[in-house]
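The following exercises concern the surroundings of a bound ligand. Each task is followed by a solution in steps.

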Amino acid sequence: MTRSVTDIIATLGTGIHVDGTWRDAASGATFEVENPATGEVVARLADGGADDAAAAIETAARTQEEWAAVPARERAEILRRAYELLVERTDELALLMTTEMGKPLAEARGEVAYGAEFFRWFSEEACRIRGDARRSPDGKTRLMVTHEPVGPCILITPWNFPLAMGTRKIGPAIAAGCTMVFKPANLTPLTSLYLVDVLREAGLPDGVLNVVCTTDAGGVVEPWIDSGLARKLTFTGSTPVGKILLEQCSRHVLRTSMELGGNAPFVVCSDADLDTAVSAAMAAKMRNMGEACTAANRILVHRSVIEEFGRRLSEKMSALTVGDGTAEGTDVGPLVEQKAVDKVVDLVDDAVDRGARVLCGGRRGDGPGHFYPPTVLTDVSPDASLMSTEIFGPVAALVPFDDDDEAVRMANDTEFGLVSFVISENLDRALMYSERLQAGMVGINVGVVSNPAGPFGGIKQSGLGREGGLTGIEEFVESKLVAIPVR
Ligand code: NAP
């Protein structure tokens with residue numbers, strides 16, 4: 001039977017986990033975690049600072065050699081057991097995630113399945129880290145290439161996918177044999193605390209995964225970078241914060257992986273099947289209430305179908321039930337905090353001031369909780385702020401276009417390049433778009449591309465490196481060349 005969320009929270013760790021032990025902050029400071037649907041405080045955690053950061057990174061550095069020597073099969077089996085525990089505890093974990101983040105339970109369960117899958121995928125990859133051996137072209141040297149764990153890693157995650165953004169980094173780090181210091185977002189730390197206990201139960205040795213929750217992100221992460229003990233930083237979050245971290249990492253030439261912001265174009269061609277277009281747009285727009293880096297931010301629709309598409313999309317959007325995500329039947333939960341609602345209000349007002357028509361929604365309601373209604377805007381002007389800003393809310397912005405060249409030009413007119421979507425019944429046309437759209441990922445006739453077996457990541461200012469897929473493990477290993485003369 002699923003425990004109540006109060007009972008689940010009562011068994012969680014303090015917020016700081018070093019060398020296998022939960023502890024209070026060295027300063028004694030604490031911070032509160034709120035439920036965004038009610039504004040109620042649901043937990044109080046240790047608020048880490050520089051001393052806690054130092055203890056965590058020193059532990060990770062001290063544990064690295066021993067952990068790297070653990071056979072790959074053993075590391076794989078820890079991940080496999082953790083995968084099974086996560087799946088077994090889906091309902092509890094989903095309830096906890098919804099309570100701190102707001103997404104409806106059905107979506108939280110989906111995230112548990114997606115997030116757990118990274119552990120299963122990397123449990124399979126752990127034993128398959130490849131090497132290479134060959135003669136040099138002149139025949140005089142044997143060249144042997146091995147792969148070693150990169151070393152202690154700094155992991156930083158955002159609040160929008162509290163489980164999956166963690167497992168997407170922790171999975172390959174464990175598979176490769178890296179130790180970690182991990183800072184989850186302060187808005188949604190509880191899911192990460194639950195995850196740490198699952199990994200301990202699955203057999204992860206003390207000192208491998210050290211966690212510091214904090215309201216002073218820079219005060220924890222910068223000392224980690226400057227400690228000289230870390231070898232890599234892997235970050236998921238906004239592009240502005242990613243740029244700060246890249247600068248800080250350059251001081252120590254740390255390897256980096258950056259999963260940053262997006263501004264996804266979603267192109268509906270004149271030959272699109274409109275049922276497919278609407279259901280893909282609903283998925284690309286409304287997953288996570290629009291609070292996703294992959295969310296369709298600019299919906300570019302051929303002028304010949306924009307009216308019908310807009311009508312059908314608004315019909316679906318207006319039919320969604322908005323409410324507390326923990327209530328079964330809720331389709332759309334609250335946004336994560338009031339600041340997020342204020343930002344959406346400003347973006348919608350600006351678009352309307354510049355001539356957009358509201359097909360549904362468009363006005364926030366009264367009452368507690370950070371709610372914003374599903375909204376469809378059409379005839380959005382290309383100079384509206386939401387065309388160049390991540391909306392991060394349930395607002396679909398429709399823009400007409402007249403031909404494919406114009407759509408490609410508009411789609412690529414952004415400094416971001418995470419994901420693009422194209423809806424067309426003509427395979428040649430869809431492939432033409434997939435080749436010309438500047439993005440790390442392209443969805444054709446689909447609204448979600450994420451899959452642990454595929455490489456996730458962006459180009460341009462959406463990031464560096466890929467997570468998941470066959471290359472995901474490479475972010476956590478260094479190749480080493482051993483040269484042996486032929487005598
Ligand atoms: P954010 O403000 O950049 O925060 C992300 C993480 O960085 C949080 O843990 C945050 O800590 C921490 N942080 C903030 N300032 C920092 C600093 N100076 N030094 C070190 N760490 C710092 O992003 P967010 O609002 O949480 O997440 C939304 C953004 O993430 C969007 O832009 C979205 O597109 C992007 N995102 C990208 C992907 C991807 O895979 N490409 C996936 C999900 C989200 P605190 O929150 O605790 O302050």
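A polar contact is a pair of N or O atoms within 3.5 Å. The model examined here is predicted.

**Exercise 1.** Identify the polar contacts of the ligand with E390, L260 and G237, and state which part of each residue takes part.

*Solution.*
Step 1. For E390, an N or O atom of the side chain lies 2.6 Å from an oxygen atom of the ligand.
Step 2. For L260, a polar backbone atom is 2.8 Å away from a nitrogen atom of the ligand.
Step 3. For G237, the partner is again a polar backbone atom, and its distance to an oxygen atom of the ligand is 3.3 Å.

**Exercise 2.** Determine how much of the ligand's accessible area the protein covers, and which space the ligand takes.

*Solution.*
Step 1. On its own, the ligand has 900 Å² of accessible area, of which the protein covers 86%.
Step 2. The ligand takes the space of the largest pocket.

**Exercise 3.** Describe the shell around the ligand by residue, element and domain.

*Solution.*
Step 1. There are 29 residues around the ligand, and T157, R168, S238, L260 and E390 come nearest.
Step 2. By class, the shell holds 15 nonpolar, 10 polar and four charged residues.
Step 3. Two or more residues each come from α6 (164-176), α8 (217-226), β10 (232-236) and α9 (239-250); α8 gives the largest share, three residues.
Step 4. Domain 1 (5-260 + 462-482) and domain 2 (264-451) each supply at least three residues to the shell.

Key. Residues numbered from 1 in each chain as written. Predicted model: local features only at pLDDT ≥ 70, side-chain atom pairs only at ≥ 80, totals over all residues. Heavy atoms only, no water. Near = heavy atom within 4 Å. Polar contact = N/O pair within 3.5 Å; in protein donor to acceptor, adjacent residues only side chain to side chain. Areas by Shrake-Rupley, 256 points an atom, 1.4 Å probe, with all protein chains shown as cover. 1 Å grid on protein atoms, 1.4 Å probe; cavity = no way out; pocket = protein on both sides within 12 Å on 5 of 7 lines; lining within 4 Å. Sits in = over half its atoms within 2 Å of the grid points. Helix = DSSP H or I, 4+ residues; strand = E, 2+ residues; numbered from the N terminus. Nonpolar A, V, L, I, M, F, W, Y, C, P; charged D, E, K, R; others polar. Domains from an automatic or database assignment.
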